[in-house]
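Reader: Please take one residue that deserves a close look and walk me through its surroundings. Work outward from there to whatever it leads to. Keep it brisk.

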Amino acid sequence: MKKSILCLSMCLMMPFVAAQTEKKQGEQHQSSNGISRDDNDKAFEQWMKENKIPMVGLGIIKNGKTEKVKIYGALHGKSPAPENTLFNVASLTKPVTAIVALKLVSSGKWNLDEPLSNYWTDPDIVQDPRNKKLTTRLVLSHQTGFPNWRWMNPDKKLNFQFDPGTKYQYSGEGFEYLRKAMEKKFNTTLDKLAEELIFKSLKMKDTSYLWDEKKDALRFSEGYDKEGKMYPTVKTSTANAADDLITTVTDYSRFLISVMNGEVLSKKVFNEMKTGQVVTKKGKSFGLGFEIYDLGDGQIALSHGGADQGVQTIFFILPKTKDGIVIFTNVDDGYKVYEKLLTEYLGDYGRKVVEIETK
C-alpha cells in the first residue's frame with residue numbers, strides 16, 4: 001500500500017474553494033473583517049462536508065510554541081474527534097527516522113558518510129559493488145539510486161537504477177536500508193532507538209512505529225477513499241523507517257518544535273540537515289530528511305508530505321521565525337485542504353510555497 005512521495009505540485013494545482021477567509025497572522029479570536037475563529041471553524045467544517053473530507057487534524061506553531069491544535073470531523077463517523085485522535089501519517093515517518101540517525105551523528109555514535117555496508121548489505125545487491133557507496137547522507141537526501149519500493153520492480157528485487165550520489169530519486173527502500181544498518185550497529189530496533197532518543201524526552205506518549213491494539217484502536221482515524229469507503233487499518237508489528245508512524249497532531253507538532261528550536265541536534269548537524277544536498281526543482285531541494293523551500297530573503301521552509309491509501313499529510317516549518325503548520329487528513333484526496341490552510345495560516349510564505357510548486 002505504500003506509495004511514492006506526495007507530489008505537492010499536483011496537489012496544489014487541484015481545484016480549491018475560491019473564497020478564503022482573510023485573517024491577520026497572530027490573531028487568535030477574531031479576524032480583521034470581524035469574523036470569529038469559531039465562525040471560521042464552522043465554515044471550514046461546512047467546506048469539508050461539501051468536499052467529502054472526513055477528518056482534518058490541524059496544528060499551528062507560532063514563535064516556537066503550539067498555538068492551536070484542532071481536529072475537524074468525527075471519529076469512527078460518530079462522535080466529534082478528540083484532540084488526541086491518532087493518525088497514520090505515512091511518509092511523515094521519514095523525518096522522525098532522519099532525526100534518530102542525526103541525533104546519533106550529533107552524539108558521535110554514527111557517521112553521515114560512513115559506508116552502510118560496514119553494517120548491512122541487502123542480499124539483492126550484495127554482488128553489486130555500488131553497495132559500498134551507500135551512506136546515511138545519500139539515504140536522507142534520496143540519492144541512493146534505489147526505486148521507491150522493490151515490489152515496484154518486475155522481479156520484486158532491490159536494485160540500483162543509477163549510481164548512488166549522482167541524482168535525486170525518492171526512495172522508501174533507502175530509509176529501510178538505513179534502519180537495518182542502524183539496528184545491526186546498535187543491536188536494537190528502530191522503535192526502541194526512537195523511544196530512547198526522541199519520544200521519551202519529548203513526552204510523545206501517543207507516537208509509535210508499531211500498532212498497539214489496546215492503545216490505538218479506540219482513537220484511530222480510519223482512512224477512506226474518495227467515495228467514502230473505509231480502507232483496512234494497517235497494523236504494523238515491525239518498525240518501518242519510511243512509513244506508517246502512528247501519532248497525534250500534538251505529538252508531531254512537539255517533535256517539529258524541538259527540531260526548529262535546535263533541541264535534538266548539535267548546531268553543526270542541524271545546519272547540515274537544513275542545507276540542500278540535491279536540487280529537486282527550482283526553489284526546492286532535499287536536505288537531510290527534509291525538503292527545503294527557498295522563500296527568499298534568507299527564509300526557508302522545511303517540509304515533508306505523506307501519501308498512502310486513506311492518508312494525506314504534510315507539514316511546513318520556518319526555522320527562522322519558528323512558525324509552522326501540521327496537516328493530517330484521512331482520505332485519498334485530503335490534499336484539497338492544503339492550499340486553503342497554507343495561505344490561511346502561513347500567509348505570504350504559504351503563497352510562496354504554492355508558487356514554487358505550481359510554476
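Author: Start with Lys336, which counts as buried because its relative accessibility is 14%, under the 20% limit for that class. Note that the model is predicted. Lys336 sits in the loop that runs from strand S11 (323-329) to helix H10 (338-358). What does its side chain reach? The side chain of Lys336 comes to 3.1 Å from the backbone oxygen of Asn51. That gives two elements to follow, S11 on one side of the loop and H10 on the other.

Take S11 and its sheet. The sheet is open and has nine strands, in the order S3-S2-S1-S11-S10-S9-S8-S7-S6, with antiparallel pairing. Its edge strands are S3 (79-80) and S6; each has a single partner strand, so one side of each has no neighbour in the sheet. In the strand order, S11 stands between S1 and S10. Strand S1 (residues 55-62) and S11 run antiparallel and are joined by six bridges. One residue pair to look up is Ile60 with its bridge partner Ile325 in S11. Helix H8 (residues 249-260) packs on this sheet. H8 touches S1, strand S2 (65-75), strand S10 (311-318) and S11. The direction of H8 makes about 30° with that of S1.

Now H10, on the other side of the Lys336 loop. Glu357 of H10 forms a salt bridge with Lys281, at 3.9 Å from N to O. Glu357 belongs to H10 and Lys281 to strand S6 (residues 278-281), so this bridge ties together parts 76 residues apart in sequence. The two ends differ in burial. Glu357 counts as buried because its relative accessibility is 2%. Lys281, at 24%, is partly exposed. Elsewhere, salt bridges with shared partners join Asp122, Asp124, Arg150 and Glu173 into one network. The whole structure has 22 salt bridges.

Look inside that network. Arg150 pairs with Glu173, with 3.2 Å between the closest N and O atoms. Arg150 is in the loop between H4 and H5, while Glu173 is in helix H5, so the pair links parts 23 residues apart in sequence. Both residues fall in the buried class: Arg150 at 18% relative accessibility, Glu173 at 6%. The loop between H4 and H5 also holds Lys157. Lys157 is partly exposed, at 47%. Leaving out residues up to four places away in sequence, Lys157 touches Asp124 and Arg150, and both of these belong to the network. Its C-alpha atom is 9.5 Å from that of Pro123, a residue 34 places away along the chain.

Helix H5 (residues 172-186) also carries Ala181. Buried or exposed? Ala181 is buried, with a relative accessible area of 0%. Beyond its neighbours within four places in sequence, Ala181 contacts Trp110, Leu116, Tyr119 and Trp120. The C-alpha atoms of Ala181 and Tyr119 are 5.2 Å apart, although 62 residues separate them along the chain.

Helix H4 brings in another salt bridge. The side chains of Arg137 and Glu272 meet at 3.0 Å, N to O. Arg137 is in helix H4 (residues 136-140) and Glu272 in helix H9 (residues 267-273), 135 residues apart. Arg137 counts as buried, at 17% relative accessibility. Glu272 counts as partly exposed, at 24%.

Last, the nonpolar interior. In soluble globular proteins, nonpolar side chains tend to be buried together. The largest core here has 67 residues, and Ile99, Ile198 and Met273 touch the most other members. Helix H3 (residues 93-106) gives the largest share of this core, eight residues. Which residues does Met273 touch, leaving out those up to four places away in sequence? They are Ile99, Leu102, Val259, Leu265, Gly287, Leu288, Phe290, Ile292 and Leu302. Apart from the largest core lies another, of 27 residues. Its members include Ala301, Ile327, Val337 and Tyr345. That brings the tour back to Lys336, in the loop between S11 and H10.

Notes:
Residues are numbered from 1 along each chain as its sequence is written. This is a predicted model: local features need pLDDT of at least 70, side-chain atom pairs count only at pLDDT 80 or more; totals for chains, interfaces and linings use all residues. Side-chain values use heavy atoms; hydrogens and water are left out. A nonpolar core is a set of buried Ala, Val, Leu, Ile, Met, Phe, Trp, Tyr and Cys residues joined through side-chain atoms within 4.5 Å. Buried means under 20% relative accessible area, exposed over 50%, partly exposed in between (1.4 Å probe, protein chains only). Helices (H or I, at least four residues) and strands (E, at least two) are DSSP runs, numbered from the N terminus. Contact means heavy atoms within 4.5 Å. A polar contact is a pair of N or O atoms within 3.5 Å; within protein, one must be able to donate a hydrogen and the other to accept it, and residues adjacent in sequence count only if both atoms are side-chain atoms. A salt bridge is a side-chain nitrogen of Lys or Arg within 4 Å of a carboxyl oxygen of Asp or Glu. Two strands pair if DSSP finds at least two bridges between them. Axes are lines fitted to C-alpha atoms, for helices over the stretch in contact, and angles run from 0 to 180 degrees between N-to-C directions.
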